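Here are some comments on the model you sent, set out as numbered points. They begin with the metal sites and then turn to the empty spaces and the packing.

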Amino acid sequence: GASGHYLLCCQQPDAWIDWFMTAASDSQRVFDYLQSPQTSSKSPHRLDLEDSDIPFKVYVFKQERGDLVVLPPRGYHQRSFKGTTASFYWSRLTIEGLRYAVFYDFYKRQRLCLPAVHPVKQLAYDILCSRFAELETSETGLTRTTAVEMRQLLEVVDEILRVEAYTNEEDIPNFGNTAIAPSCAFCGGEVFQKIFSCKNRCLKDKTVGSTPMDVVSICPSCYVDGRTCLCGEMTPFRLRPISPMVTSRDKIAAIFLAALLLCSARAMNSVRTNQSFSHCIEHPFQGAVRTCSTRKGQQRSHQTHCYALLNCKNCHASKCYEHILSTLNIHSAQAILVYYTTDSPSEAWHKHHVDLRQDYSKSYPRLLSNMLSGNHHPLNHRLAYFAHHFSTADPINKNTLRGFYDEGEIAVRQFSSLCPL
Ligand SMILES: [Zn+2]
Ligand SMILES: [Zn+2]
Ligand SMILES: [Zn+2]
Ligand SMILES: [Zn+2]
Ligand SMILES: [Zn+2]
Ligand SMILES: [Zn+2]
Ligand SMILES: [Zn+2]
């Protein structure tokens, strides 16, 4: 979401840098092209400019001393150095860039296991609070621009808190003090408030970790994608209490949104009662083998583990999360939320998957345009989009197991508890 600035300060005589850039709107096409088998066999992460069938425009610029190159936040770029040069580099994150980073880039990086560059969730929360403090003491009062920015920031912070919220916060233990903020063992992403940790300190070759650093901890987004430690028995921990953050957010929202009538002051209480998706999979992953009745390759049906599928009594069929996504366009987070937060899971799930049959495909054009502008779009559709488009994953920590949407087969977790279904 940040925009890179490169200033070439000095160079040897006859030295320069060649820049190759693509438009932000082409980023999906660039990714697909680099991932395609013909391309990746030659140069997995670089464009081969000799290749005449590159399906998008590549902009070329020769940078010499004094030239400043400003990269668009989501464009692809590569450089080629001719001789010795020295540059200054810095990056700027605008509110628009921050919104893109939280709403879209976070999930893309999480799917692809690209470690976080900036702690964007923390930044969003800090910027909201510091902007508010500045405005409280400002003499000039509120301008229309600041008001719009505050609303945009609130939208970002609301999503962060909503994803991390937990109904009974007191029920989850503290993660404990760590000198460095933990990152996700699977994707390397930023962990803001909640993290899932292995109960058994499991490691490869059935050894048990002896220090807290050995414990595999996974971010809520990876956990709902089915990514776990080797044993799969993970419990949620909180890094800090969320209530004070919610209280500050409510105070800011009440003052701003009500005073300006930009929109009605939605209290965060609705968020608290709203079940957050990561809360809902505290139901431990279990190990019994079940059949998913969706065709896979040559097979009419296939075997999977009961934690990886849902049963619908009305349809007389079970479907694994991978097929729930590929045939119904529903992400596991949404499916699990619907299924496990009701007394009649099968009926609720059936109604949901029938009612929302067209939901994703209808909103797809809007999703693409929102993604381009960094605007908010319903989370369920964003999760479905990223799970569907990014299935290659190379976990940071190898003491982990792939999730429902990663390449390869789902591995069996070794559970100590019995299957309740
Ligand atoms: Zn993760
Ligand atoms: Zn484990
Ligand atoms: Zn639950
Ligand atoms: Zn299946
Ligand atoms: Zn059904
Ligand atoms: Zn697609
Ligand atoms: Zn089960």
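**Notes on the model**

1. In this predicted model, the zinc ion (ligand 1) is held by four sulfur donors, the SG atoms of C184, C187, C219 and C222, at 2.3 Å. Along the chain these donors follow the spacing C-x2-C-x31-C-x2-C. The arrangement is tetrahedral, because the four donor atoms subtend angles of 106 to 116 degrees around the zinc ion (ligand 1) and all angles between 85 and 135 degrees are accepted for that class.

2. Two of the cysteines at this site deserve a separate remark, since buried here means under 20% relative accessible area. C219 is buried, with a relative accessible area of 1%, and C222 is likewise buried, with a value of 0%.

3. The zinc ion (ligand 4) has a mixed set of donors, namely C292 (SG), H302 (NE2), C320 (SG) and H323 (ND1), which coordinate the ion at 1.9 to 2.3 Å. The angles among the four donor atoms run from 102 to 118 degrees, and the site is tetrahedral. The spacing of the donors along the chain is C-x9-H-x17-C-x2-H.

4. What do the two histidines of that site tie together? H302 lies in strand β12 (residues 302–305) and H323 in helix α9 (residues 321–328), so the pair links parts that are 21 residues apart in sequence. Both H302 and H323 are buried. In α9, H323 is joined as a buried residue by Y321, I324, L325 and L328, and the helix is followed by N329, whose phi is positive, near 60 degrees.

5. The largest pocket has a volume of about 1,300 Å³. Of the 44 residues that line this pocket, G75, D105, K108, R109 and L114 are the closest to its centre. The elements that give two or more residues to the lining are β1 (3–11), α1 (27–35), β5 (77–82), β6 (85–92) and α3 (95–112). Among these contributors α3 gives the most, with eight residues. By class, the lining of the largest pocket is made up of 22 nonpolar, 14 polar and eight charged residues.

6. Enclosed space should be considered apart from the pocket, and a search of the whole structure finds four cavities of 30 Å³ or more. The largest cavity has a volume of about 60 Å³, and its lining consists of L328, N329, I330, Q334, L356, D359, Y360, N380, H381 and A384. The elements that give two or more residues to this lining are α12 (359–373) and α13 (379–389), and α13 gives the most, with three residues. The lining residues of the largest cavity divide into five nonpolar, four polar and one charged. L328, a buried residue of α9, and N329, which follows that helix, are both part of this lining.

7. The second largest cavity, with a volume of about 40 Å³, is lined by F106, K121, V163, E164, E190, C219, P220 and S221. Here α5 (144–164) and α6 (220–224) are the elements that give two or more residues to the lining. By class, the residues around the second largest cavity divide into four nonpolar, one polar and three charged. C219 appears in this lining and is also a donor to the zinc ion (ligand 1), which connects this point with the opening one.

8. How much of α13 is covered, and which residues are involved? This helix is mostly covered, as eight of its eleven residues are buried, and these are L379, H381, R382, L383, A384, Y385, F386 and A387. The buried residues of α13 pack against α1, α3, α5, α9, α10 (332–340) and α12. H381 and A384 belong to this buried set and also help to line the largest cavity.

9. As for the protein overall, there are 13 helices and 15 strands. Of its 421 residues, 46% count as buried. When the contacts with a separation of 6 or more are considered, residues 24 or more positions apart account for 74% of them.

Conventions
Residues numbered from 1 in each chain as written. Chains lettered and ligands numbered in written order. Predicted model: local features only at pLDDT ≥ 70, side-chain atom pairs only at ≥ 80, totals over all residues. Heavy atoms only, no water. Donors = N, O, S within 2.8 Å, 3.2 Å for Na, K, Ca; no water. Tetrahedral: all angles 85-135°; square planar, octahedral: opposite > 155°, others 65-115°. Helix = DSSP H or I, 4+ residues; strand = E, 2+ residues; numbered from the N terminus. Buried < 20%, exposed > 50% of the residue type's maximum accessible area, 1.4 Å probe, protein only. 1 Å grid on protein atoms, 1.4 Å probe; cavity = no way out; pocket = protein on both sides within 12 Å on 5 of 7 lines; lining within 4 Å. Points joined across faces, edges and corners; volume = space filled by probe spheres on them. Nonpolar A, V, L, I, M, F, W, Y, C, P; charged D, E, K, R; others polar. Contact = heavy atoms within 4.5 Å.
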